[in-house]
Amino acid sequence: METHQLAASVLAAFGGAENLTKIRYCASRIRVELRDAGRLDRPGIEDLNGVKALLEVDTPRLTTEYQLVVGPGNARPLYQALVALTGEK
């Protein structure tokens with residue numbers, strides 16, 4: 001799946017741009033925090049070609065961070081495509 005298509009599918013599965021409160025990336029993962037976790041389509045994300053796993057991690061701020069594992073070299077382009085779709089900087 002092409003990066004921009006994957007980004008659009010990921011964004012929809014996370015409940016849309018308005019449901020994201022924070023988005024970051026590291027070497028192999030996209031890290032997001034959501035306004036409403038009930039809007040998360042976990043099966044939809046896990047079924048996407050290019051997504052290896054979706055992890056839930058509690059943060060020190062007592063929030064949940066969702067880590068989308070996409071593998072080395074794939075996180076930055078996907079992050080950039082998500083930022084382009086959401087308008088985040």
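**Helix H3 in the predicted model, residues 75-86**. Helix H3 has 12 residues. From its first C-alpha to its last, H3 reaches 16 Å, close to the 16 Å expected at 1.5 Å a residue. Just after H3, Gly87 takes a positive phi of about 80 degrees.

**Buried residues of H3 and what covers them**. Ala75, Leu78, Tyr79, Ala81, Leu82, Val83 and Thr86 are the buried residues in this helix. Their cover includes helix H1 (3-13) and three strands, S1 (20-25), S2 and S4 (64-69).

**Cys26 in the loop between S1 and S2**. UniProt, in an unreviewed entry, places the feature "active site" at Cys26. Cys26 has 25% relative accessibility and therefore counts as partly exposed, the range for that class being from 20% to 50%. Leaving aside residues up to four places away in sequence, Cys26 touches Arg31 and Ala75. Of these two contacts, Ala75 is among the buried residues of H3.

**Glu33 in strand S2, residues 29-34**. Glu33 counts as buried because its relative accessibility is 8%, and the cut-off is under 20%. The side chain of Glu33 makes a polar contact with the side chain of Arg61, at 2.4 Å.

**Surroundings of Glu33**. With residues up to four places away in sequence not counted, Glu33 touches Asn19, Leu20, Thr21 and Lys22, as well as Thr59, Arg61, Thr63, Thr64 and Glu65. Arg61, one of these residues, is the partner in the polar contact between side chains.

Terms used. Residues are numbered from 1 along each chain as its sequence is written. This is a predicted model: local features need pLDDT of at least 70, side-chain atom pairs count only at pLDDT 80 or more; totals for chains, interfaces and linings use all residues. Side-chain values use heavy atoms; hydrogens and water are left out. Helices (H or I, at least four residues) and strands (E, at least two) are DSSP runs, numbered from the N terminus. Buried means under 20% relative accessible area, exposed over 50%, partly exposed in between (1.4 Å probe, protein chains only). A polar contact is a pair of N or O atoms within 3.5 Å; within protein, one must be able to donate a hydrogen and the other to accept it, and residues adjacent in sequence count only if both atoms are side-chain atoms. Contact means heavy atoms within 4.5 Å. The expected span of a helix is 1.5 Å times one less than its number of residues. UniProt positions are given in the numbering used here, feature names are shortened, and annotations may be inferred rather than shown by experiment.
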